[in-house]
Amino acid sequence: MQQHVSVPSTESSVRPAPPPATRGGDRRPWRLPRRPPDAALLTLLLAAGLWAYSLPRIGFRHMDDYGLLDRLPVAYYLSLLVLTAGFVLSLRRAGTAPWWPAAHCAALLFALKAPPAILYDAVRYPWASKHDAIVNTLLAGGELRPNAALSGNMSAYDQWPGFFTLNAGLVRAFGVESAVAYANWAPIVLGLLMMPVLVLIYRTFCEDWRLIWTAVWIFQLANWVGQDYFAPQALAYLLHLTVLAVVLRHFVRPGSAGRLRDRTFLDPVAAPVPPPTDNRQRAICVAILAPLIAAVNATHQLTPVMLTICLLALSFTRRYRNYGLLVVTALLMLTWDLTMGRPLFVETLATVRKSIGELTQNSRAGYAGQLTGPGPELAGTANIVMVLLVAVLAGTAVVLRRRLTRSALPLLLVSVAPVPLFAVNDYGGEMLFRVYLFALPGAAFFAAAALVPALAGSHRTRARAVWRRASAFVLPAVLLVLLAGFLPSYYGKERMFYTPPEETALVTRALDQAPDGSLILATSGSFPQALHRYDRLEHWFFAEQPLPDNEKMLKDPVSYLVDGIPPGTKAYVVLTRTQDIYAAGEGLLPAGGFETLRSKLAASPLFRTVESHPYGVVLEYRPAAR
């Protein structure tokens, strides 16, 4: 009897792969659909398109009371809104794709500060032209004269020449006529260089890329003080932060971390304390940092003081108690102050005796005037709101995120260390701005900590859950408020900062024609080419004084100026459009005061009109007609 063996069907046991899908008679397989473009990329492209569209429509040549604010087209504001929305969206994947928030931060810097660099046919900030004049004088003369008595306090720049010698080399290397060719790009270039330094500092204390990039974003929006332009302070500030970044990461003392190495003791986003370094390693780091610290001392007067104070504050912690580095920094500062910078250093010590303890006077902004006009007044109000908002946010994080504050205590100390300088000196009416600038990196970090809650690892309380949900709305709202505050703070006084080429040409002609040793009179030094040929001319900015004194001067400006001109001195009065705007906006002269000054001087037989244009007038003093 034949035995039948059941064999499983091939079709039922092994199913062949289905044939590839085809398009009609086309035998080519369907391709998998491509991943849709990232929302962060789309927002970047849309913002870039709107910004590029708005750029040629910015009416910077016809600014009025509100500066550039009402001359920026709607498309420009829309580009900033889209960019902000894209940044908030990019934070959702910041842990796996941190390059998207980084790209948005770089785009924000460019969007906010590149329009003057691209559009302006003059150096932004008229007083920046004196820095170009120093570079030109250095190239022409090839020497420094730290002990020369130069007009307009210009001797100080020869005593701290680092920034100018660097740019003299750049002018030669680039083959350009002067630093004017690239001066307006300084905020963008220095801002881009500063971003990785800030990230390095923030990464020392935090592992959450959302918080880190939010801190960088806030830093850029809150950095409205205008100290990132073509000036020594901008370069020295970058070097200052670089030194602090190295110290915070590579100067941890052994056995100083304590409980901070216990993750259960830390905030969920806090980074572990960097590995400790022994004496030999720290000595090597000091040797590496010494040239950077020396460069800070060669570049700027105030920044070495700030750096020394910050390192002193860090020495109060067990983690960064490095007296060797502190001593080296202090010695380098004193060595420079007592050699190259001795004249100004001695002069400053004399003023400190009078200003120490004068908190109200030292915290004043500017010379002595009161901001007047819609744009300047709005800018002043925005400045105050920005400072208060950042301070409140940072204070909130310090109080509510105490575990993060413990681990990031060195950054907090570095931020508050410059504040006592209010009790020492007013730094020409700028101490308020400088203290804010040096406190800003830490303040931006803690402000971001108040807005970006930890996603995991924290205690699951109802309040924390509510805050995490609310932060989805609070974060973009606060960023928009900061953006709204930045624009008037940075561009609200733009009429003072842009000067037409015709005005620059007028001043240049007048100063070129003035004989060596002539005295140049003007209401203030805030006009283009004010210190052109500063090594051959003398200057008197006679309205840089309190408003009551200027009101008295306007009653008889001819006698006031004649009494101040030394006998036998060739003198010229240069009054320009930018001086008028600046004197009115800063409250140096009353309404109509500049026109009164101009008309009375022009009508006097003691002053002859050399050249008169809508952009200004040049008058020659003629004592023989007296």
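Helices H4 and H8 cross each other with a right-handed twist. Keep in mind that this is a predicted model. H4 covers residues 99–119 and H8 covers residues 186–205, and the two pack at an angle of about 165° with their axes 9 Å apart. That angle makes H4 roughly antiparallel to H8, because anything over 145 degrees counts that way.

So who does the touching? On the H4 side, the contact is made by Ala102, Cys105, Ala106, Leu109, Phe110, Lys113, Ala114 and Ala117. H8 brings Pro187, Ile188, Gly191, Leu192 and Met195 to the contact. Sorted by class, the contact of H4 with H8 has 11 nonpolar residues, plus 1 polar and 1 charged. The charged one is Lys113 of H4, while Gly191 of H8 counts as polar.

Now for some cysteines. A search of the whole structure turns up 0 disulfides. Two of the cysteines are listed here with their accessibility:

| Residue | Relative accessibility | Class |
|---|---|---|
| Cys285 | 16% | buried |
| Cys310 | 0% | buried |

Both values fall in the buried class because the cut-off is under 20% relative accessible area.

Stepping back to the whole chain, there are 26 helices and 5 strands. The chain has 626 residues, and 52% of them are buried. What about contacts along the sequence? Taking contacts between residues at least 6 apart in sequence, 76% join residues at least 24 apart.

Key:
Residues are numbered from 1 along each chain as its sequence is written. This is a predicted model: local features need pLDDT of at least 70, side-chain atom pairs count only at pLDDT 80 or more; totals for chains, interfaces and linings use all residues. Side-chain values use heavy atoms; hydrogens and water are left out. Axes are lines fitted to C-alpha atoms, for helices over the stretch in contact, and angles run from 0 to 180 degrees between N-to-C directions. Helices (H or I, at least four residues) and strands (E, at least two) are DSSP runs, numbered from the N terminus. Angles under 35 degrees count as roughly parallel, over 145 as roughly antiparallel, 65 to 115 as roughly perpendicular and the rest as oblique. A crossing is left-handed if the near helix is turned anticlockwise from the far one by less than a right angle, and right-handed if clockwise. Contact means heavy atoms within 4.5 Å. A disulfide is a pair of cysteine sulfur atoms within 2.5 Å. Buried means under 20% relative accessible area, exposed over 50%, partly exposed in between (1.4 Å probe, protein chains only).
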